[in-house]
Protein chains: 2
Amino acid sequence: MSLHFEIERTTGEGGRRAELTLPHGKVQTPVFMPVGTAATVKAVPQDILEGIGPSVQGSQYTPAAAGGTGAEIILANTYHLYLRPGHELIRQLGGVHRFMSWTRPMLTDSGGFQVFSLAKLRKISSDGVEFRSHLDGSKHFFSPEHSMAVQIALGADIMMVFDECVETPASWERTRDSMGLTHAWAARSKAYWEQHRHEVPWASEGSGPSVQSPEERERIGSKSAQDLFPIPYSLFPPAHQSLFGIVQGGMYADLRKESAERLVEMDLPGYAIGGLAVGEPREVTREMIAHTLQFLPADKPRYVMGVGYPDEIEEYARMGVDMMDCVLPTRAGRHGLLFIREDPNDRRSPVVRLNIKKQDNATDQRPIDEGCHCMVCRRYTRAYLRHLFASGEPLAGTLNSIHNLSFYLETMERVRNELAATS
Amino acid sequence: MSLHFEIERTTGEGGRRAELTLPHGKVQTPVFMPVGTAATVKAVPQDILEGIGPSVQGSQYTPAAAGGTGAEIILANTYHLYLRPGHELIRQLGGVHRFMSWTRPMLTDSGGFQVFSLAKLRKISSDGVEFRSHLDGSKHFFSPEHSMAVQIALGADIMMVFDECVETPASWERTRDSMGLTHAWAARSKAYWEQHRHEVPWASEGSGPSVQSPEERERIGSKSAQDLFPIPYSLFPPAHQSLFGIVQGGMYADLRKESAERLVEMDLPGYAIGGLAVGEPREVTREMIAHTLQFLPADKPRYVMGVGYPDEIEEYARMGVDMMDCVLPTRAGRHGLLFIREDPNDRRSPVVRLNIKKQDNATDQRPIDEGCHCMVCRRYTRAYLRHLFASGEPLAGTLNSIHNLSFYLETMERVRNELAATS
């Protein structure tokens, strides 16, 4: 068993309030997953990430604590960690949870999307993709088997099949051919996963391996990471990683249907919808999601990759999407763009972007969003945040990211409550 | 009354364990003051700054809290805040405490040192200094009166007289002339401070001014900073800012003596020793401090500006210096240099610098310093911190700075305990 997915309630619209149990803990869905590309959610300490978002019921705000329930699951990028510091090093250190000191569930993507969007001089064959690193130009090769090996070494709770991503727009024929490759690669991914999933760093023991030999540790007399901040591996019944399939098919409804059906035949623990939010109009994204969802099994988690704005993630959650991720809250935060509600007292009012560097924030003593309960909105003014941003201070990126992530998590908490209350 | 300084014990060496009471709270001395140049200790959220350093007795570490007593006083730079966002704006927003949401004591320097080290095209007259901003080349003029006006607008608990800093090395004659100007400027600083100190933003009322008129607040229906995170002004008996003098005199013992005597005649609330750690050998710094201290009144706080390494601050504290500040812990942290003890189990063993980017940290599962109790050493490994630094991740600067600041504060806590126990 690689995961439990228990649906508490499904609305008429198809939205589901559910709970996902993974080896490192439980996740309330629908969920937004902050992106920690290089094993760090950019500019946000793990200590704070554990306390952002909706307030813990009855908890008092203390200045040094964020006071929220925190991110229940985060994402890391296989392509980035493979290149730096290297998956072998992370495996040797006990996996990505122990490496970054994160005790809760994690998900890794397959590296496919980054190979297609970041890497240089790609050569694609049916076997896999040869590419050059965007960091130093060095040559690498990713196949489905290699992506699986890397993701098993990283040891996230959920891993993704290796897929090909077509450029946008692409013709029907080009999209169909790419989809065919994706399906063949999904089958190879599954075969490798089934054969090797016992190799995950935390599979064999309750507390994972130590990088230092007993003699070495005796010599240096030192605490290692596992004494320092123990990660309770396999605390929950699922004993190994889950592999999710990725539905492709571009903007073609017939291909999306075919892709979903081929993947469902493979009987994977969960399914993602990929290749969206790549430049198409938002109505098309929505249409493709709605169309694809009907071909995915109702009893398994459904994940839409790489979306989106807060109002989009809310809309897709109501349609029956259980998991989403996006770099937007952290990236926008580092660029001084903050998400707020048009009417701070109505958390269902439209989402507005506040550009913190604008001059009219310079003397504004209000918090970013008066209706937000995050640690930034409970303490700092727009005037101060504008000053930090205008002065290029690193604290600007940290505080802005914390607010935006909290805004996303509070939005999802409200949606979950509404889904649970809807018949 | 502008401060209370109560000495609990003085050792044979001259070191003093004391308590300094300022309008925004009490400070245990000897103290190290983290530098918050632009109203932010670079890369460290205030929420964490309040909890770094020596552990609170009996407190449990919780992941989102740093668990220490925190920085009891921090410094901000007048020159930087004058240029950006401007002292008038900060005055209008209720002073620097409210601006940055910092409830504890603060100190501002006079701007003199930065005018001499950062600004361009300086023209010095007996009246003051004309200079061009290092940010945009705009022309400005600082006189003792103007520095005081700026510092009163900022409203830190302690402000510094405006002084001239000579280049190093400088001849005896050049140093004497500069010192003369510094004394004249100190007298003018004092006169202005005495006449205008009631203008500090928090002097007149318990809770400070609001930037919005009642009508404006009614219209926007909003919380302002003072509702958001109230700063308890004048919680402690001292009712206004303190002005400290600055002893100059370069590396000439006779000039240091004369400078100290002239300033002591002015009967200021505290005295600083300036113009040191500007490139001279460490023995000279030490000699000048030891020589100068004997001419300063024993019942007033003594502050050595801009020093230094952890072993230096420890040494000067034992000699009778009560306050020190330095950008080193944060600047070194951002450059990947971490302070540790040679023997982690002996907190009095020599200070060593760990260069986190070195390859041999890549698989090291130990914390930075096994004997350190900071939130970074209780959670993250050298391997992870090396990865963050090597990948240019913003979290590197944050975590490294938190460790280094905690290292300094823990060092001072130990020194205070040892001073209190020494007869």
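# A tour of chain A

Start with helix H6(A) and select these residues: A:Pro144, A:Ser147, A:Met148, A:Val150, A:Gln151, A:Ile152, A:Ala153 and A:Leu154, which are buried. Keep in mind that this is a predicted model. Now show the whole helix, residues 144-154. Of its 11 residues, 8 are buried, so H6 of chain A is largely enclosed by the rest of the structure. Step on to A:Gly155, which follows H6(A). The phi of A:Gly155 is positive, near 75°.

**The sheet**

Next, select strands S7, S8 and S9 of chain A. The 3 strands form an open sheet in the order S7-S8-S9, with antiparallel pairing. Look at the edges, where S7 and S9 of chain A stand. Each has a single partner strand, so one side of each is left without a neighbour in the sheet. Neighbouring strands of this sheet are turned by 20° against each other on average, direction ignored. Strands of a sheet pair through backbone hydrogen bonds.

**From S7 to S8**

Select S7(A), residues 120-124. S7(A) pairs with S8(A) over 3 bridges, in the antiparallel sense. Click A:Lys123: the bridge partner in S8(A) is A:Glu130. Then follow the chain through the hairpin, where 4 residues join S7(A) to S8(A).

**Along S8**

Stay on S8(A), residues 129-132, and turn on the side chains. Which of them are buried? A:Val129 and A:Phe131 are, and they point to one face. A:Glu130 and A:Arg132 point to the other face and are not buried. The side chains thus alternate along the strand.

**From S8 to S9**

Add S9(A), residues 139-142. S8(A) and S9(A) run antiparallel and are joined by 4 bridges. Return to A:Glu130: in S9(A), its bridge partner is A:Phe141. The hairpin of S8(A) and S9(A) has 6 residues between the strands. Select A:Gly137 in that hairpin, where phi is positive, near 75°.

**A buried loop residue**

For the last stop, select A:Asn77. Where is A:Asn77 placed? It lies in the loop between strand S5 (74-76) and helix H2 (78-83) of chain A. Is A:Asn77 buried or exposed? Its relative accessibility is 5%, so A:Asn77 counts as buried; the cut-off for buried is under 20%. Now show its contacts, leaving aside neighbours within four places in sequence. A:Asn77 touches A:Val35, A:Gly36 and A:Thr37. A:Asp109 and A:Gln114 are in contact with A:Asn77 too.

Key. Residues are numbered from 1 along each chain as its sequence is written. Chains are lettered from A and ligands numbered from 1 in the order in which they are written. This is a predicted model: local features need pLDDT of at least 70, side-chain atom pairs count only at pLDDT 80 or more; totals for chains, interfaces and linings use all residues. Side-chain values use heavy atoms; hydrogens and water are left out. Buried means under 20% relative accessible area, exposed over 50%, partly exposed in between (1.4 Å probe, protein chains only). Helices (H or I, at least four residues) and strands (E, at least two) are DSSP runs, numbered from the N terminus. Two strands pair if DSSP finds at least two bridges between them. Contact means heavy atoms within 4.5 Å. Axes are lines fitted to C-alpha atoms, for helices over the stretch in contact, and angles run from 0 to 180 degrees between N-to-C directions.
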